[in-house]
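Me: Please look at the model below with me. I should like to work through a few questions about it.

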Amino acid sequence: MIETLQFTNESIPWFFPSLAAVFGAITGSFLNVCIYRIPEERSIIFPGSRCACGQAIPFYHNLPIFSWLILRGRAACCGAHFSVRYPAVELLTALLYLWLWLIYPPVVAGIGMLFVAFLICSTFIDLDHMIIPDRFSIGGMVLGVFLSLAFPALHAVEGLSILAHLQSGLRAVIGALVGAGLVYWIAVLGEIVFRKPAMGEGDVKFVGFIGAFCGWQGAVFAMFGGALIGSIILLPYLLLVRIFAGPGPTAAEHAETDEAPDQFGAQVPFGPMLALAGLVYFLGFHRFVDAYFAEVASIFGL
Ligand SMILES: [Zn+2]
């Protein structure tokens, strides 16, 4: 069996990478359903995909990416418009799964695919609803610790002894605690300094989840890298909102939520920034981050 797989891999080098990308596109299609239905507390299995008009969507109109392109973003039944976000999430998942397959051994790539799926769901649900459901943050944290115990390779722990499994599990627990603790205290201090909640409870749990998969270095990077990415993306956006402020769609959105708009006039979820930084870390940037922390530790003689 393994020889057959190795033979396939050597004779057709594009076979498994293509499989990873196709698997990513199909997973992305499922993630769209999760993003849409989980905040509404609806089942993600039944019923199958339906159009807004109530018609069931047949499988041949439900192929990831391609159906949207072929139907040019419109429903076959009634011509209703489908958001470009559906194929975008499918394409994004396909590319990330391909990348994971190319940079990691199969086991770590597989765990990475779960991690990425959780990140994508949390990101888009947070963008839509300003919440990260506990099943992704707390559920993901528990899953991360469990997978770390089972597969020490996730935390680059060598060997197959019981000790290696425990060491890997311990790294996940420390990562979760450091991540959640750090964001908790920054949130507390931020609230004292700025007199308004800077980050929510959801962000605390979410960085705990990232730490369980990435270790404490990844959790710390998610927090500060996320803040940096957020500033780079958000500052121009907030400036534009401020310049073009007026009774636009932003004002209407705020009318729906009870939360007061902040001083820039825009309420911004922090989850997507944390997720993006966690993703950057897991997709290869961890080398630089880990080397940096090791250097800092050696300066202090640790
Ligand atoms: Zn329809």
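Reply: To begin with a definition, pLDDT is the predictor's confidence in each residue, from 0 to 100. This is a predicted model, in which local features need pLDDT of at least 70, side-chain atom pairs count only at pLDDT 80 or more, and totals for chains, interfaces and linings use all residues. Residues are numbered from 1 along each chain as its sequence is written.

Me: What is the mean pLDDT of the chain?

Reply: Of the chain's residues, 92% reach 70 or more. Over residues 249-265, however, the pLDDT is below 50. Where pLDDT is low, the predicted coordinates should not be read in detail. The mean for the chain is 88.

Me: On which residue is the kink in α10 centred?

Reply: Helices are DSSP runs of H or I, at least four residues, numbered from the N terminus. Helix α10 (residues 271-299) has 29 residues, yet its end C-alpha atoms are only 33 Å apart, short of the 42 Å that a straight helix would reach at 1.5 Å a residue. The bend at a residue is the angle between axes fitted to the seven residues ending there and the seven starting there. The kink in α10 is about 95°, and its centre is F285.

Me: At what angle do α2 and α4 pack?

Reply: Two packed helices are described by the angle between their axes and the distance between the axes. Axes are lines fitted to C-alpha atoms, for helices over the stretch in contact, and angles run from 0 to 180 degrees between N-to-C directions. For helix α2 (residues 15-37) and helix α4 (residues 85-103), the axes are 7 Å apart. The angle is about 145°.

Me: Which phi does G301 take?

Reply: G301 lies just after α10. Its phi is positive, at about 70°.

Note on methods
Helix = DSSP H or I, 4+ residues; strand = E, 2+ residues; numbered from the N terminus. Expected span 1.5 Å × (residues − 1). Contact = placed C-beta atoms within 7 Å.
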